[in-house]
Amino acid sequence: MNLNKECVVELSGAAVYHSTDPYKELTAKNYRKIGERVLDNVNMKVYSGQIVYLIGRVGSGKSSLLKTLYGELPLFEGSGKVAGIDLKRLKRSKLPVLRRNMGIVFQELQVLSEVNVYENLAFVLRATGWSDNGDIGARVDEVLRQVGLENQQHKFPFELSGGECQRLMIARALLNRPKIILADEPTGNLDPITAESIIKLFHSIAATGTAVIMATHNTTLIESYPARTMLFSKGEVKEVEFDD
């Protein structure tokens with residue numbers, strides 16, 4: 001069913017490590033000494049427009065896999081590509097190239113507290129090479145409408161609700177039209193009704209062709225909004241049945 005869709009993530013036989021200092025030693029031999037192996041033989045393909053939930057206990061490797069996909073943890077075993085970029089050959093100096101093809105949404109709010117919603121987004125665009133103020137304004141307005149914050153652009157982050165803050169993070173992730181969004185427990189700090197609205201937003205984003213990989217503990221929402229689901233357990237990753 002994916003004949004006309006782009007494969008945006010491909011992992012084959014990948015081993016994922018966790019380390020508090022992943023780039024201290026940039027060799028597989030030394031990295032194995034300082035890192036903890038948390039996942040073995042990970043095989044996964046994700047196509048444009050798909051949502052993939054990552055579920056499992058705390059410490060099962062969900063966040064470590066996401067960090068590997070966005071280059072925070074190096075990949076030394078197996079093979080992996082994200083948006084056509086080879087993770088095995090990825091150097092730290094090339095991380096911006098990888099991350100321009102993706103959006104990242106964390107559980108914690110990571111914005112500039114001293115400027116308003118509009119300037120938070122405009123700052124990201126300028127930092128990634130946008131220079132025309134008209135283009136910047138049009139793109140900010142577009143993503144704010146997409147996430148339902150079109151009337152909040154002059155507010156500061158401390159004036160937003162928890163759900164609005166998460167929508168701001170999603171808007172930031174969408175700015176450069178990424179091929180994929182990686183989300184780590186994006187509903188973890190939200191009440192059930194707000195969490196549901198965020199999940200619905202991710203599904204609407206996927207419907208536009210952007211792939212979404214989301215780590216979550218909220219299995220109730222998965223049952224209400226099903227999609228592909230990968231279970232992390234005892235160092236392994238396997239797909240489980242939550243039919244979409």
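**Notes on the predicted model: loops, pockets and one helix**

1. Ala83 is a good place to begin: with a relative accessible area of 12%, Ala83 is buried (buried means under 20% relative accessible area, exposed over 50%, partly exposed in between, using a 1.4 Å probe and protein chains only). Ala83 is found in the loop between β4 (77–82) and β5 (85–86); helices here are DSSP runs of H or I with at least four residues, strands are runs of E with at least two, and both are numbered from the N terminus. Phi of Ala83 is near 55 degrees, a positive value in a residue other than glycine.

2. Some housekeeping before going on. This is a predicted model, in which local features need pLDDT of at least 70 and side-chain atom pairs count only at pLDDT 80 or more, while totals for chains, interfaces and linings use all residues. Residues are numbered from 1 along each chain as its sequence is written, and side-chain values use heavy atoms, with hydrogens and water left out.

3. Arg177 is another one to look at for its backbone. Its phi is positive, about 50 degrees, although Arg177 is not a glycine. Arg177 sits in the loop between α6 and β7, and it counts as exposed because its relative accessibility is 51%.

4. Now the two valine and leucine positions in the early strands. Val8 belongs to strand β1 (residues 7–18) and is buried, with a relative accessible area of 2%. Val8 and Gly84 are 76 residues apart in sequence, yet their C-alpha atoms are 6.8 Å apart in space. Leu39, in strand β2 (residues 36–47), is buried at a relative accessible area of 0%. From Leu39 to Ser224 the separation is 185 residues in sequence and 28 Å in space, C-alpha to C-alpha.

5. On the cysteines: a search of the whole structure finds zero disulfides, a disulfide being a pair of cysteine sulfur atoms within 2.5 Å. Cys7 counts as partly exposed, at 27% relative accessibility, whereas Cys165 counts as buried, at 11%.

6. Helix α7 (residues 192–206) has 15 residues and reaches 21 Å from its first C-alpha to its last, close to the 21 Å expected at 1.5 Å a residue (the expected span is 1.5 Å times one less than the number of residues). Its buried residues are Thr194, Ala195, Ile198, Ile199, Leu201, Phe202, Ile205 and Ala206. These cover an arc of only 155 degrees around the axis, so they lie on the same side of α7; the arc is that of the directions from the helix axis to the C-beta atoms. The exposed residues Pro192 and Ile193 are carried on the face of α7 turned away from its buried side.

7. Next, the open space. The largest pocket has a volume of about 440 Å³. A pocket is an open set of points on a 1 Å grid over the protein atoms alone, with protein on both sides within 12 Å along at least five of seven lines; a cavity is a set of points where a 1.4 Å probe fits but cannot get out, and lining residues have an atom within 4 Å of a point. Points are joined across faces, edges and corners, and a volume is the space filled by probe spheres set on them. The largest pocket is lined by 16 residues, of which Arg99, Met102, Gly103, Ile104 and Val124 lie nearest its centre. Two or more lining residues each come from α3 (95–99), β6, α4 (117–127) and α6 (162–174), and β6 gives the most, with three. By class, the lining has ten nonpolar, three polar and three charged residues (Ala, Val, Leu, Ile, Met, Phe, Trp, Tyr, Cys and Pro count as nonpolar, Asp, Glu, Lys and Arg as charged, and the others, Gly among them, as polar).

8. The second largest pocket holds about 240 Å³ of space. Among its 15 lining residues, Val58, Gly59, Ser60, Lys62 and Ser63 lie nearest its centre, and α2 supplies the largest share, four residues. The class split for this lining is three nonpolar, eight polar and four charged.

9. Finally, the enclosed space: there is one cavity of 30 Å³ or more. The largest cavity has a volume of about 50 Å³, and its lining consists of Ser63, Leu66, Lys67, Tyr70, Ile104, Val105, Phe106, Leu182, Ala183 and Asp184. At least two of these lining residues come from each of α2 (62–69), β6 (102–105) and β7 (180–184). Seven are nonpolar, one is polar and two are charged.
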